[in-house]
Amino acid sequence: NYQGDLYTGGNLNLGDSLKEIVKWDGTHWVSLGAGLGGGGSAWVNDMEVYQGQLYVAGYFHEWNGSPGHNIARWDGTKWDRVGDGLGDQYGQVMDLLVFKNRLYAVGNFDNVGGAIANGMAVWDGTEWCTLGYQFDNTIARIGIHQNELYIVGGFWTLDTDTIKHLAK
């Protein structure tokens with residue numbers, strides 16, 4: 001739900017301009033600009049409202065005027081970049097979460113703004129920041145329990161400690 005409208009995303013192709021993400025206008029599915037893209041192998045994994053905009057994450061690249069690098073934001077009218085995005089053509093963002101007025105992104109990406117991210121980055125509304133941790137594999141999901149942040153994924157180590165699949 002964003003600005004009172006229902007949005008859905010995935011690996012969608014409902015027509016020429018209905019790619020990867022659409023909204024329901026009460027009667028029909030409507031495109032968001034030119035949609036998101038990169039061909040038939042693009043998709044949306046998650047959406048989160050942060051600072052009044054809809055942040056959309058997954059696996060997509062710059063295409064037909066839409067931003068790429070696996071994350072973009074929609075203000076209700078147009079698409080915009082989120083810094084330099086997250087990862088490269090082989091990475092993807094799996095999950096987003098707003099926590100303590102920051103937007104957390106996790107997934108299978110190595111870099112953010114030229115810094116090593118190891119699958120986790122934080123957007124403060126202006127720029128991407130890394131957390132300085134070294135995970136040996138993908139972080140798949142992020143959540144909050146009792147005001148603490150949790151991550152789960154395919155990782156076995158965090159820095160030099162053995163931490164299998166779940167970290168707080």
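This is a short talk on the three-stranded sheet in this predicted model.

Ground rules come before the strands. Residues are numbered from 1 along each chain as its sequence is written, and side-chain values use heavy atoms, with hydrogens and water left out. Because the model is predicted, local features need pLDDT of at least 70 and side-chain atom pairs count only at pLDDT 80 or more, while totals for chains, interfaces and linings use all residues.

Now the sheet. It is open, ordered β1-β2-β3, and the pairing is antiparallel. Strands here are DSSP runs of E, at least two residues, numbered from the N terminus. Two strands pair if DSSP finds at least two bridges between them. The edges are β1 and β3, each pairing on one side only. From one strand to the next, the twist averages 40°; axes are lines fitted to C-alpha atoms, and angles run from 0 to 180 degrees between N-to-C directions.

Take β1 with β2. β1 covers residues 6-13, and five bridges hold the antiparallel pair. Tyr7 stands opposite Lys23 in β2.

On to β3, residues 29-31. Three bridges join β3 to β2, again antiparallel. Lys23 faces Val30 across this pair. Trp24 stands opposite Trp29.

What links β2 and β3? A hairpin, with four residues between the strands. In that turn, Gly26 has a positive phi of about 105°.

Last point: is β2 mostly covered or mostly open? Mostly covered: in β2, residues 19-24, five of the six residues are buried. Buried means under 20% relative accessible area, exposed over 50%, partly exposed in between, with a 1.4 Å probe and protein chains only.
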